[in-house]
Amino acid sequence: MKIRCLALVIMALLICGCDKETFENEPHFKRIFGLDTVSTVTIYDSISDEKADKILEECSGLIKDYENIFSKTIESSDVSKINKHIDFNVNKDSAYVINKAINYSKITDGAFDISIAPLTELWHIKPGTVFIPDKKEIEITKKYVDYKKIKVDNLKIKLPKNSKIDLGGIAKGYIGDKIKEYLISKNIKSAIINLGGNILTIGNKPGVGYFNVGLNKPFKENEFILTFKTKRDVSIVTSGNGYRYFKYKNKIYHHILDPKTGYNPDNNLLSTTIISKNSIDGDAYSTATYVLGLKKGMDFIEKHKELEAVFIDDNYKIHLSSGLKIKDDVIILK
C-alpha cells in the first residue's frame, strides 16, 4: 500500500542523509515493515533504551493499525468495505482522511482524485511487467472516476456503481503526522520519521543543528541530486515517475495517472517534491502538482504560501518555489 499515490506504491525518492558527527549517545531507531515499504523512526533524544524501545514499538503499532484501516488490499479494512459498497460506519480516522481527500480533490480541480482506483487497477503498473490497456477500456473506466459523486454522511461513505476510492495518495502522510504527534506527546525533541519516502522531522539533529535529507536523482536510486537542510519541523514528500514504471517501445509508463485523461501526464516532469508542515498535505499536493505540470503546478504552489516545492524536469533542471534557495548544492528554506 503506499498506501501512496493512487492505489500505488510510490517508491520514495527521499532518503535521510547521515552526518559523520559523533554524539554522546547513539540514536535509537526501529525499522518497521508495513505500508508495502520499510519505514524507519529514529529518536536522537538522550533517553533510556527501555523508554525508546517502548515508544518505537508504539510507532510500529500505529503503522500496522492504520494500515489495517486504510489499505485497499486488506479485506477487512474500511477502504475495502467501502469499495465493496458495504453499508457501515467507518472509523473516525477514515472519515477524516476521506473528507480531506475530497477537499484536496476540489482544491486541485481533480488533479488529485480520491476515486482514481478504477484507473489504477486497470493499468496495474508493476515493474517487470508490460501492460497497456485498450483505449476504449480507458475511456469507459475513467467515467467511474469522479470525486464529486462520493456521498459523505458523517461516518457513512457511499460510492456510485463501479466507483472505488484509494487513500494511497494521502494515507501515508496522515500516518506520518500521527506518529509525529505521538512522539511529541512523549516529549521527544529530536527525531526523524521516514515512511518509505515521506520524511518528517522533529527539532534538530544534536551536534549539527539541522537535518540533512537527500533528494535522489530520478531513475538513479543511489545518487543524490541535491540535499535539503532543514532547521525546523517539516515534512518532505516526493512524487515521481522513476521508481514504479515499465518501458515499452522507448516510452516510460508509470503509476501516476491524470484522472481526467486516464493516461500518464505528458508534462516533461520527472518528480515533484513538496515541503510542508503536515505530511498529509505534502502527499496530496506532490501528486497533484506532478499531474498539473511545471507551470500550473508551480503557480499552484505560489498561491499556497504554506507550501514550497522542488520540481525536476526531464533535463534534470531544478525548479524552486520562491521560498527556497540553493547554496552549495543544498536546498535551504529562506
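Tyr104 and Tyr285 are both buried. Keep in mind that this is a predicted model. How do these two rings meet? Their centres lie 5.2 Å apart and their planes sit at 80 degrees, so the pair is edge-to-face. Where does each partner come from? Tyr104 belongs to helix α3 and Tyr285 to helix α7. In the chain they are 181 residues apart, so to speak a link between distant parts.

Let's stay with α3. The helix has 16 residues. From first C-alpha to last, α3 reaches 23 Å, close to the 22 Å expected at 1.5 Å a residue. Which residues of α3 are buried? Asp93, Ser94, Ala95, Val97, Ile98, Ala101, Ile102, Tyr104 and Ser105. What do these buried residues pack against? On the helix side, α1 (49–70), α2, α6 (171–185) and α7 (279–292). On the strand side, β4 (151–153) and β5 (156–158).

Now the ends of α3. At the start, Asn91 places a side-chain oxygen within 2.6 Å of the backbone nitrogen of Asp93. Just after the helix, Asp109 takes a positive phi of about 55 degrees.

That brings up backbone angles. Most residues other than glycine have a negative phi. Here are two more residues to look at. His85 has a phi near 60 degrees. His85 is in the loop between α2 (78–83) and α3 (92–107). Buried or exposed? Neither label fits: His85 has a relative accessible area of 40%, so it is partly exposed. Phe219 is the other one. Its phi is positive, about 70 degrees. Phe219 lies in the loop between β8 (211–217) and β9 (220–230). At 26% relative accessibility, Phe219 is partly exposed too.

Back to the aromatics. How many aromatic pairs does the structure hold? It holds 12. Take Tyr66 and Phe70. Their ring centres are 5.8 Å apart and the planes make 5 degrees, so this pair is stacked. Both residues sit in helix α1, four residues apart, and therefore about one helical turn separates them. Tyr66 is buried, and Phe70 is buried as well. Ring pairs also tie Tyr66 and Phe70 to Tyr96 and Tyr174 in a cluster.

Next, the sheet. It is open and has eight strands. The order is β2-β3-β6-β7-β10-β13-β14-β15, and the pairing is antiparallel. Which strands are at the edges? β2 (28–34) and β15 (318–320), each pairing on one side only. On average, neighbouring strands are turned by 15 degrees against each other, direction ignored. Helix α7 packs on this sheet. It touches β7 (198–202), β10 (235–240), β13 (269–276) and β14. The direction of α7 makes about 155 degrees with that of β13. So α7 shows up twice in this talk: the helix packs on the sheet, and its Tyr285 pairs with Tyr104.

Look at the β15 edge. Three bridges join β14 (residues 308–313) to β15, and the two run antiparallel. Phe311 has His319 in β15 as its bridge partner.

Now go into β13, where Thr273 lies. Why does Thr273 count as buried? Because its relative accessibility is 0%. What does its side chain do? It makes a polar contact of 2.6 Å with the side chain of Thr238. Leaving aside residues up to four places away in sequence, Thr273 touches Leu215, Phe228, Ile236, Val237, Thr238, Glu308, Ala309 and Val310.

Last stop, strand β17 (residues 330–333). Strands of a sheet can pair either parallel or antiparallel. β17 has one partner of each kind. How many bridges join it to β9? Three, and that pair runs parallel. Thr227 stands opposite Val330 in β17. With β16 (residues 324–327) there are four bridges, and that pair runs antiparallel. Here Lys325 stands opposite Ile332. β16 and β17 form a hairpin with two residues between them. In the turn, Asp328 has a positive phi of about 55 degrees.

Definitions and conventions: Residues are numbered from 1 along each chain as its sequence is written. Side-chain values use heavy atoms; hydrogens and water are left out. Buried means under 20% relative accessible area, exposed over 50%, partly exposed in between (1.4 Å probe, protein chains only). The expected span of a helix is 1.5 Å times one less than its number of residues. Contact means heavy atoms within 4.5 Å. A polar contact is a pair of N or O atoms within 3.5 Å; within protein, one must be able to donate a hydrogen and the other to accept it, and residues adjacent in sequence count only if both atoms are side-chain atoms. Two strands pair if DSSP finds at least two bridges between them. Axes are lines fitted to C-alpha atoms, for helices over the stretch in contact, and angles run from 0 to 180 degrees between N-to-C directions. Rings of Phe, Tyr and Trp (its six-membered ring) pair if their centres lie within 6.5 Å; planes under 30 degrees apart count as stacked, over 60 as edge-to-face and the rest as tilted.
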